Amino acid sequence: MTTETAVPQDRLKLSEKLGYGVGDMGFNFYWANISAFLLIFYTDVFGISAAAAGTMMLITKIIDAFTDPMMGAIADRTKTRMGKFRPYLLWLALPLAGAGVLTYSTPDLGPGGKLVWAYCTYSLLMLTYTAINIPYSALSGVMTRNSQDRTTLVSFRFIGGFTGGILVTYLTPKLVVLLGQGDEVLGWQLTMGVFGIAAALLFLFTFASTKERIQPVSETNNAVKQDLLDLKNNKPWLVLFSLALIIMITITMRASSGTYYFKYYVMRPELVGEFLSSYMFALALGAASTPLMTKFMDKKPLMMLLMSLAGLFSISLFFVPADQIGLIFAINLAIGFVLGPKSPLAFSMYADTADYNEWRTGRRATAMTFSAATFSQKLGGAIASAVIGWLLALIGYVANTEQSAGSQMGILLMVSVIPGLVAFLAAFVMRFYHLDEKQLLTIQQELDQRKTAHAPSHKTEAAVVGVSE
């Protein structure tokens with residue numbers, strides 16, 4: 001059982017947790033759409049080949065992923081009367097909405113022109129998303145030091161995120177039909193416009209209801225290179241970096257291939273919305289259960305257990321006949337529930353590694369810690385999207401036609417066995433994480449003592465801990 005020692009002024013009100021949580025609902029109006037529908041939008045609506053779309057998503061996401069640490073460095077060095085991280089929720093809400101509409105637009109171009117348009121608009125969307133999402137993620141690391149409260153806060157975030165995913169996966173196919181009135185191209189544009197406006201309003205609410213409390217003992221004046229070197233030497237963070245990449249391959253592969261699975265293997269395309277939205281509901285339920293789970297089990301063994309179960313359930317889906325709809329949904333719900341706690345656990349641990357880094361080096365770079373972690377997530381998502389596109393091409397996938405037996409088998413493997421094996425790999429990697437609750441309590445108490453001791457003077461934290469800059 002984990003221990004919890006609260007710093008009274010650090011404890012968060014329910015309203016602030018809710019305010020932070022709805023922000024991720026807004027982000028999932030984009031992220032869930034990209035994960036579940038963008039690849040099939042490119043292949044079945046815009047008319048790009050599966051291999052070209054997969055390669056495009058890999059290249060653009062890799063480029064975008066390298067901008068994450070850059071954005072982290074910028075956010076850490078931002079100084080406004082509104083804080084370091086909150087202002088970005090105001091500045092970039094509407095530009096993100098515009099980029100989303102452009103990405104899901106389909107101008108009448110030739111094959112080469114379509115691909116160029118896809119590269120440019122998707123890159124714009126992901127760069128804008130990065131510029132607002134990195135500060136939002138870092139915000140959770142400066143709202144409270146209390147470890148259990150952080151887990152609860154991040155659980156609220158992912159409850160909001162998965163709720164956004166539920167709305168997106170359930171409503172998107174219906175909104176495309178309703179708003180397009182027979183024009184699928186117009187339907188996608190208007191649908192993304194609706195989600196963009198809704199997301200902007202949620203970002204404004206998050207800005208208004210949250211507060212940045214934790215300040216570093218000394219401001220971040222060191223070079224960006226030093227921030228990256230600190231992360232390279234932060235062993236718990238390195239484990240989480242690897243873990244995020246691996247788990248995102250599992251999650252993205254299941255989400256993206258799930259649409260193909262129901263359309264071409266189960267042969268019930270009308271159930272795609274219900275299949276994906278019920279999965280998101282299970283993810284949200286799992287995320288909501290995370291604070292309860294961490295009261296009885298430390299984060300490391302809990303993560304290992306959950307990822308092992310995710311692997312087991314995912315592989316079992318391979319053996320379920322296509323006509324067993326109830327069993328397919330049941331297994332999918334089980335996978336969602338055990339994967340749900342992954343995100344709040346991981347992001348809570350990222351905040352813990354920021355504390356660990358400050359305790360070890362005297363330097364704190366919260367946004368860099370989260371941005372480099374997001375880098376690994378995007379890289380994992382990019383790899384998964386590319387692999388799906390390449391595999392679809394390899395198995396002979398042809399859009400909007402009946403698939404061959406080989407193509408159906410490939411789709412089945414992508415939604416079951418392959419992500420299951422990757423989940424088992426994630427459980428193995430987690431064995432190397434060594435930061436437990438007892439050590440965290442000691443670290444956070446020492447940081448509070450250093451801050452109190454440092455307050456009257458202007459010595460650098462490096463002098464306090466005996467580290468040369």
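This passage describes the internal cavities, the salt bridges and the aromatic side chains of a predicted model.

A search of the whole structure found four cavities of 30 Å³ or more, and the largest of these has a volume of about 390 Å³. The lining of the largest cavity is made up of 26 residues, and those that lie nearest its centre are Asn28, Trp31, Phe158, Met248 and Ser343. Several helices take part in enclosing this space, since at least two lining residues are supplied by each of helix 1 (14-46), helix 5 (111-139), helix 6 (147-180), helix 9 (235-265), helix 10 (272-288), helix 14 (342-361) and helix 15 (366-394). Helix 1 provides the largest share of the lining, namely five residues. When the lining residues of the largest cavity are sorted by chemical character, 13 are nonpolar, nine are polar and four are charged.

Charged side chains were examined next. Side chains of opposite charge can pair when their charged atoms come close. In the whole structure, eight salt bridges were found, and three of them are described here. In one, Arg157 is paired with Asp24, and the closest N and O atoms are 3.4 Å apart. Because Arg157 belongs to helix 6 and Asp24 to helix 1, this salt bridge ties together parts of the protein that are 133 residues apart in sequence. Both partners are shielded from the surroundings by the cut-off used here, under 20% relative accessible area: Arg157 is buried, with a relative accessible area of 4%, and Asp24 is likewise buried at 4% relative accessibility.

A salt bridge is also formed between the side chains of Asp44 and Lys263, with an N to O distance of 2.8 Å. Here Asp44 lies in helix 1 and Lys263 in helix 9, so the pair links parts that are 219 residues apart in sequence. The two partners fall into separate classes of accessibility, as Asp44 counts as buried at 14%, whereas Lys263 counts as partly exposed at 24%. In a further salt bridge, the side chains of Arg268 and Glu270 meet at 2.4 Å, N to O. Arg268 counts as partly exposed, with a relative accessibility of 33%, and Glu270 also counts as partly exposed, with a relative accessibility of 48%.

The aromatic residues were then considered, and the structure was found to hold 27 aromatic pairs. In one of these, the rings of Tyr260 and Tyr264 have centres 6.3 Å apart and planes at 25°, so the pair is classed as stacked. Both residues lie in helix 9, where they are four residues apart, about one turn of the helix, and both Tyr260 and Tyr264 are buried.

A single aromatic cluster is formed by Tyr20, Phe27, Trp31, Tyr129, Tyr136 and Phe203. Of these residues, Trp31 is also among those nearest the centre of the largest cavity. Another member of the cluster, Phe27, is placed in helix 1 and counts as buried, with a relative accessibility of 0%. When residues up to four places away in sequence are left out, Phe27 touches Leu89, Tyr129, Ile132, Asn133, Tyr136 and Phe203. The surroundings of Phe27 may also be described by the position of Gly196, which is 169 residues apart from Phe27 in sequence but 9.4 Å apart in space, C-alpha to C-alpha.

Notes. Residues numbered from 1 in each chain as written. Predicted model: local features only at pLDDT ≥ 70, side-chain atom pairs only at ≥ 80, totals over all residues. Heavy atoms only, no water. 1 Å grid on protein atoms, 1.4 Å probe; cavity = no way out; pocket = protein on both sides within 12 Å on 5 of 7 lines; lining within 4 Å. Points joined across faces, edges and corners; volume = space filled by probe spheres on them. Nonpolar A, V, L, I, M, F, W, Y, C, P; charged D, E, K, R; others polar. Salt bridge = Lys/Arg side-chain N within 4 Å of Asp/Glu carboxyl O. Buried < 20%, exposed > 50% of the residue type's maximum accessible area, 1.4 Å probe, protein only. Contact = heavy atoms within 4.5 Å. Phe/Tyr/Trp six-rings, centres within 6.5 Å; stacked < 30°, edge-to-face > 60°.
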